[in-house]
Amino acid sequence: MKVAIVGAGLTGSLLACYLARRGLTVTLYERRADPRAGTAERGRSINLAISERGLDALRRIGLDETVMTDALPMKGRMIHPVSGPLDFQQYSAGGDRAINSISRGALNNALLTAAAAADGVSVEFEHRLCELDSAAGQMVFQTPSGKVTATADVVLGADGAGSAVREQLLAEGIVAEDVDFLDYGYKELSIPAVDGDFALDPGALHIWPRGTSMMIALPNPDRSFTCTLFWPAGAFDALTTAGTISAYFAENYPDVLPLAPTLVDDYLNNPVGVLGTVHTLPWQAHGRTALIGDAAHAIVPFYGQGANCAFEDVVELDRCLDDTSGSWARALPLFESRRRHNTEAIAAMALANFIEMRDKVASPAYRLTKQVEHA
Ligand code: FAD
């Protein structure tokens, strides 16, 4: 039984590890060059919050400790008002629960290394899927030396929000998709370490709620912070010079300006990312081709659950294969029926959490409600 996984990102690499344990022959096809040999792509989020849902998937195959080595636990939110004192809001009543800031690149590399080392797994880099016959399991890839073809018994699209597998299924008239773009973009900025130490409390996810927009910051193992601005899409274009950028931050994010010496460079040179929710129906075709992770159900990042949810997909697909004695034809529809309502729920919650993070967390009424909940 030959399985092709398109995309060696977080989902595809973890999935390869799980399928290898079943004794399957797996080929991971990735459009990029091996990320372990180079630097991270500019414009992807640099770090991720991984919660218990994601850790559970890693723990089941013994990868949690490797991944957690450099993780920074964040036990609550630190709210930064325009003026006045900071406000720490812990995530759990006892203050004992945390989400973990993890480098996206390090996580991807750890999963890829584990996948590549597993028996039966091979990885083909610089292979961009450009054609697929989903009924026959035939694929065409663009590579640096031209087009190559491959065939597999099962083809799994783990190729992210802009999935080529989904696009091919759409072109074949097999799936319908609905992509709801948010009228907001995101841009990353950096706060470096100060005298070798964190410039802000590394035990918190920092939020600058500003009503219709916000900024967040997560700590990195090198003691820097990566900040992400979430602004209405057109708002980024309004600031085009060093003077206007600095003046805007001095007025709206006054505590950040002295901590971010590269702010103007970051602002002018880092791309604006798009945000959206992908709804796809169905996720599988012919019992042999399927979508998983962001390719099936990308969500906006405000609950920090996209990758966590994709990892849960992998665990559930593995469980479906157990429950169907390894029959892909039965496991793929079962996987979809078990996961769809969960992914729709988190998609809606992620959108709702944007309003909570950018606005409600700053209100006295919200703080009072949380105190009552924790009492
Ligand atoms: P991707 O990570 O997009 O990986 C897809 C892979 O497929 C890539 O390696 C790509 O190169 C490859 N590929 C694409 N097309 C092709 C092709 N045609 N042929 C071959 N290969 C292809 N989630 C969290 O859980 N916590 C967070 O804190 C969090 N923060 C986020 C912050 C931001 C700003 C954003 C945008 C997202 C965030 N997410 C977070 C969501 C998370 O990044 C995604 O859910 C996760 O990356 C999905 O993994 P994936 O492997 O399905 O897709």
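Which of the 33 residues around the ligand come nearest? I looked that up before anything else: G7, G9, G160, G293 and G306. I counted a residue as near when its C-beta atom, placed from the backbone, lies within 6 Å of the molecule.

Before going on, I noted that this is a predicted model, where local features need pLDDT of at least 70, side-chain atom pairs count only at pLDDT 80 or more, and totals for chains, interfaces and linings use all residues. Residues are numbered from 1 along each chain as its sequence is written.

**Ligand shell.** I checked which elements give two or more residues, and found α1 (10-20), β3 (47-50), β9 (128-133), α8 (294-297) and α9 (306-323). Of these, α9 gives the most, with four residues. Helices (H or I, at least four residues) and strands (E, at least two) are DSSP runs, numbered from the N terminus.

**Sheet.** I traced an open sheet of six strands, ordered β8-β2-β1-β12-β19-β18, with mixed pairing. Strands pair if DSSP finds at least two bridges between them. At the edges I have β8 (121-124) and β18 (284-285), each pairing on one side only. Inside, β1 (residues 2-6) runs parallel to β2 (residues 25-29) over five bridges; V6 has Y29 as its bridge partner in β2.

**Helix α5.** For residues 164-171 I asked what is buried (20 or more other C-beta atoms within 10 Å of a residue's own, all placed from the backbone). My list reads A164, V165, R166, Q168 and L169. After α5 comes G173, with a positive phi near 75°.

Technical notes:
Buried ≥ 20, exposed ≤ 12 C-beta atoms within 10 Å, placed from the backbone.
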